[in-house]
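Me: I'm new to this structure and would love a close look at a single part of it. Could you pick one helix and walk me through its surroundings?

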Amino acid sequence: MYSKNTELKNVSGLHARPASEFVSMAKTFESKVTVRRLDDEAAQPANAKSIIKILAQGLSVGTPIEIAADGPDEQEAVEKLFELVESKFGED
Amino acid sequence: MRILKGNPVSRGIALGKVYIYRAFKADVHESYFEAGKEDEYYKKFKDAVATAEKELATIVTSMSAESPEKAKIFTAHTEILMDEEVDEGVKEMIYESRAMPDYAVDEIFTDFANLLEKAKDPLIAARAADLRDVRNRVLRILKGEKESNLANLRENVIVVAHDLLPSDTATMDRNRVMGVITEIGGATSHTAILTRSYKIPSLLGVTDAVQIMKNGDNIVLDALAGKVLLDPEKEVIKEYQEKLVEFIKEERETSEYLDKIPLVASGERYSIGLNVGDTEPEDGYKYVDFVGLFRTEFLYMGSEYMPTEQEQFEAYKKVLANAMGNPVTLRTLDIGGDKTLRYMALPKEDNPFLGNRALRLCLDHMEMFKTQLRAALRASAFGEMKIMFPMVGTIDDIRAANAVVAAVKKELKIEGLAFDEKINIGIMIEIPSIGLIADLAAKEVDFASVGTNDLTQYLHAVDRMNPSITKYYQTMSPAMLRSLGKIFSDFNKAGKPISVCGELASDDIGAVLLFGLGLRKFSMNAANIARVKRILSLFTLEETEEIAKKAQNMSTEAEILEFVKAEIEKRTI
């Protein structure tokens, strides 16, 4: 298990195109990957390979999240997804 | 030969075969299978998903070139279809509960759709509709029904349907669809707007059309006179073939006027404006001098929630960009008891057209009104925007609305948000009480636009939705012409712009009369621009003035129509 915390920095948050990009990247890894919002005690980790589950989290700009992975490529998965969030998904 | 009547919303004639279009309707019941068949049913589900994936891929490929925006909808559908949580959920229901695949699919998708609908972010909640769309696709395939859309037609057809959804029209094969007939929908429906922009003849509101007609029936669609001829005789077919040739010729002659400068025969220049009701770019913007009416209802009616300031701001900015430098007249929300919003409870009224509607409703719901004004003002930093209030009856109304604008401007200034400080504010003239004091109104506003449909309705006390009293609805009655004459001359005297954005501006007879009464700004749908330019090019200023003067002194609308029609025919035939 490997994880890293960050917050969403792109204006449109994790829906539409950014959500699609995030999910497609998560799917390239073998490990189980999850996203959990840190501003809600009750929030459960959501399957990062499911567009529906990611959308249902309602992650908007400024939301603190934890990206976690468990499996053979867990570290790479978390680092790559972390970078994608940091890059603001190409939004300026 | 049987004749059906309807409302012609896109002019033209079509002869051909009927193609009955029925959208798939899911009918799922809770049902289970016997033990031992788990693998078989799971495979059935996986096969359906594979078929759905292929269908979607075909749609995306065929749409990517022409309308990438629409193709994106179907790419998103593919992502939902292939979601591993969907797969896991359905698999679990099949293996653990022995649920039939259609029941499992329905349950899982409905659960997820409900989950998304609960999201606080309205953009995410709106995605629930996509989930339901994908669910229907999978259920249809499970049922063994072919994809029934209008994308892959084998021959030229006239489409007959109860109604067409945006997703149907998005994929429609425009080269094969010669005409459209639906049972419901009016002149401003999605189908009407779309068929007009594609120049496909269409007739809406044809009662029981789907039951009366069958696939392959030969029919004549006369979307000039508003009728469908079933099983037409040879002579009738011949007559319509000739009419069609004539119509095409006339359209071609007319289309030559599309990009001409709008001038009357004696050389006076007038302006043509465009009426729009969405954010789609369209050709019409190229041929006009201004956008005389930008209806904003689509943002509210097409939504599951009150549109946010940001969404409205983006939409208004988009229209300004579409307008290519032309000024855009944004009309604030124009709804009332007859048009309801799903997310806003409005009391049922006995007389919605005389009720709490449009500006009155906005002044009653200040948060909603301010949100729209904030969005419009912020957009005004990105192009020439004007704001116009509908349903103004008194000077009090104007002052009340202007006070809200002033308050919103102050807020924006404090927040440091950019907007056009000198933005023009105007009104719709559609209630006779403001028309009668147009000279006083002109002192309080920067401009006005006459809504001739509502003005007729209120001046003649005729509910225009009531089909049994249409003969009392007279847009060119002597009373209308005298009212319009006063309104135009009051505004012209005050040096304030006055336009007409109602249907009268794009009517052949109406355009001639309006010009004669002093109007120089005509706003209309793109489809009418060339025809109006052509008609007005046939008359000199002096001629139109004489015609208008005579018409104002005639006693009945019938006399006026006959007289002006003869004047037009003198010049065209």
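Reply: Happy to help; what follows is a walk around helix 15 of chain B and the strands beside it.

Please keep in mind that this is a predicted model. Helix 15 of chain B covers residues 395-415, which makes 21 residues. At 1.5 Å a residue this helix should span 30 Å, and its end C-alpha atoms are 30 Å apart, so the expected and modelled spans agree. Just after the helix comes Gly416(B), which has a positive phi, near 75°.

Now look at which residues of the helix are hidden. Asp397(B), Ile398(B), Ala401(B) and Val408(B) are buried in helix 15 of chain B. Seen down the helix axis, the buried residues fall within an arc of 95°, so they line one face of the helix. A general point helps here: an α-helix has 3.6 residues a turn, so residues three or four places apart point the same way. Turn to the other side of helix 15 of chain B and you find exposed residues: Asp396(B), Arg399(B), Ala403(B), Ala406(B), Lys410(B), Lys413(B) and Ile414(B).

What does the buried side rest on? The buried residues of helix 15 of chain B pack against three helices of chain B, namely helix 13 (358-364), helix 14 (366-379) and helix 17 (438-444). They also pack against strand 12 (385-389) and strand 13 (424-429) of chain B.

Strand 12 leads us on to its neighbours. Strand 11 of chain B pairs with strand 12 of chain B in the parallel sense, over four bridges. Within this pairing, Thr329(B) stands opposite Lys386(B) in strand 12 of chain B. Strand 11 of chain B is also joined to strand 10 (residues 290-295) of chain B, again in parallel, by three bridges. Here Phe294(B) stands opposite Leu330(B) in strand 11 of chain B.

Strand 11 (residues 328-331) of chain B is covered on both faces. Val328(B) and Leu330(B) are buried on one side, while Thr329(B) and Arg331(B) are buried on the other.

One last stop is the largest nonpolar core, which has 87 residues. Ile427(B), Leu513(B), Leu514(B) and Phe522(B) touch the most other members of this core. Leaving aside neighbours within four places in sequence, Phe522(B) is in contact with several residues, including Tyr270(B), Ile272(B), Val500(B), Leu514(B) and Val532(B).

Methods: Residues are numbered from 1 along each chain as its sequence is written. Chains are lettered from A and ligands numbered from 1 in the order in which they are written. This is a predicted model: local features need pLDDT of at least 70, side-chain atom pairs count only at pLDDT 80 or more; totals for chains, interfaces and linings use all residues. A nonpolar core is a set of buried Ala, Val, Leu, Ile, Met, Phe, Trp, Tyr and Cys residues joined through C-beta atoms within 7 Å. A residue is buried if 20 or more other C-beta atoms lie within 10 Å of its own, exposed if 12 or fewer, and partly exposed in between; C-beta atoms are placed from the backbone. Two residues are in contact if their C-beta atoms, placed from the backbone, lie within 7 Å. Helices (H or I, at least four residues) and strands (E, at least two) are DSSP runs, numbered from the N terminus. The expected span of a helix is 1.5 Å times one less than its number of residues. The arc is that of the directions from the helix axis to the C-beta atoms. Two strands pair if DSSP finds at least two bridges between them.
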